[in-house]
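Please look over the sequence and the model below before reading on. The paragraphs that follow begin with one strand pairing and go on to the sheet, its loops and the ligands.

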Amino acid sequence: MINKNGYPTSNQIKSKFPDIEVLIKPKAIIECYTEIPCNPCATSCPFNAITIGEDINMIPEIDFDICTGCGMCVYSCPGLAIMIANIKGDRAYYKIPYELLPVPVIGEIWKGVNRKGEIICDAKIENIMQNKKTDKTVLITVSVPVEFLYDFITVRCPV
Ligand code: SF4
Ligand code: SF4
């Protein structure tokens, strides 16, 4: 339970994902579990796929039918609480926000980490995106074996 130990339960994580077949296309996974006064995810989405409502404290809700997986909400979220996920064959692909150094290089194999900070698998760095829009947040595209779909959350430098 996130309020007690700082990380969500398996059911809480799965509640943020769409049905598996939806992930044939990239979709934003919004892991915002606590009511806080925050809304850049909703205001940054060019397609109005994220709704918070009149009370800024409410937890964001996403319409997966509208989300294009464009990634703008990922680097707009100050809490680094959003990633993009999709499935191709036996790999799960993510676009994750990353604000540490060193920045990975395309083609490198880093370590995949779960929400407890444990290393769970190898993670291939597929792409890196950083520009004026993303500011100091780097968007890393990474792939891991699909069985880690609900476990993977970020990467760790292998050395
Ligand atoms: S990925 Fe793009 S379309 Fe989807 S919710 Fe985020 S900003 Fe909106
Ligand atoms: S911007 Fe991030 S932290 Fe703020 S409400 Fe949206 S998902 Fe939560």
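Which residue in β8 is the bridge partner of R91? In β8, R91 has P145 as its bridge partner. Before going further, please note that this is a predicted model, in which local features need pLDDT of at least 70 and side-chain atom pairs count only at pLDDT 80 or more, while totals for chains, interfaces and linings use all residues. Residues are numbered from 1 along each chain as its sequence is written, chains are lettered from A and ligands numbered from 1 in the order in which they are written, and side-chain values use heavy atoms, with hydrogens and water left out.

The strands named here, like the helices, are DSSP runs numbered from the N terminus, with at least two residues (E) for a strand and at least four (H or I) for a helix. Two strands are said to pair if DSSP finds at least two bridges between them. In this sense strand β5, residues 91-98, and strand β8, residues 138-145, pair antiparallel over eight bridges, and one of the bridge partnerships between them joins A92 to V144 in β8.

This pairing belongs to an open sheet of seven strands, whose order is β1-β4-β5-β8-β7-β6-β9 and whose pairing is antiparallel. At the edges are β1 (27-30) and β9 (154-156), each of which pairs on one side only. On average, and with direction ignored, neighbouring strands of this sheet are turned by 40° against each other; the axes behind this value are lines fitted to C-alpha atoms (for helices over the stretch in contact), and angles run from 0 to 180 degrees between N-to-C directions.

At the β1 edge, four bridges join β1 to strand β4, residues 82-88, and the two run antiparallel. Within this pairing, A28 stands opposite I84 in β4, and I29 stands opposite M83 in β4. In a regular strand the side chains alternate between the two faces of the sheet. Although β1 is an edge strand, both of its faces are covered, since K27 and I29 on one side and A28 and I30 on the other are all buried. Here buried means under 20% relative accessible area, exposed means over 50%, and partly exposed lies in between (1.4 Å probe, protein chains only).

Strand β4 is in turn joined to β5 by five bridges, again in an antiparallel run. These two strands form a hairpin with two residues between them, and G89 in the turn has a positive phi of about 60°. In this hairpin, the bridge partner of I87 in β5 is A92, and A85 stands opposite Y94 in β5. The C-alpha atoms of Y94 and I84 are separated by 5.2 Å, although these residues are 10 apart along the chain. Y94 is buried, with a relative accessible area of 1%. Because six of its seven residues are buried, β4 is largely enclosed by the rest of the structure, and β5 is largely enclosed as well, because six of its eight residues are buried.

The loops hold some backbone features that deserve inspection. The peptide bond from L101 to P102 is cis, with omega near 0°, and P102 lies in the loop between β5 and β6 (109-113). N48, which is found in the loop between α3 (40-44) and β2 (50-51), has a positive phi of about 55° although it is not a glycine, and N48 is exposed at 59% relative accessible area. D135, in the loop between β7 (119-129) and β8, is likewise a residue other than glycine with a positive phi, near 60°, and D135 counts as exposed at 53% relative accessibility.

Finally, consider the ligands, where a residue is near a molecule if one of its heavy atoms lies within 4 Å of it. The residues around ligand 2 are I30, C32, I36, C38, P40, C41, C77, P78 and I82. This shell divides into nine nonpolar residues, with no polar and no charged ones, where Ala, Val, Leu, Ile, Met, Phe, Trp, Tyr, Cys and Pro count as nonpolar, Asp, Glu, Lys and Arg as charged, and the others, Gly among them, as polar. Around ligand 1 there are 15 residues, of which C45, C67, C70, G71 and C73 come nearest, and this shell divides into 12 nonpolar, three polar and no charged residues.
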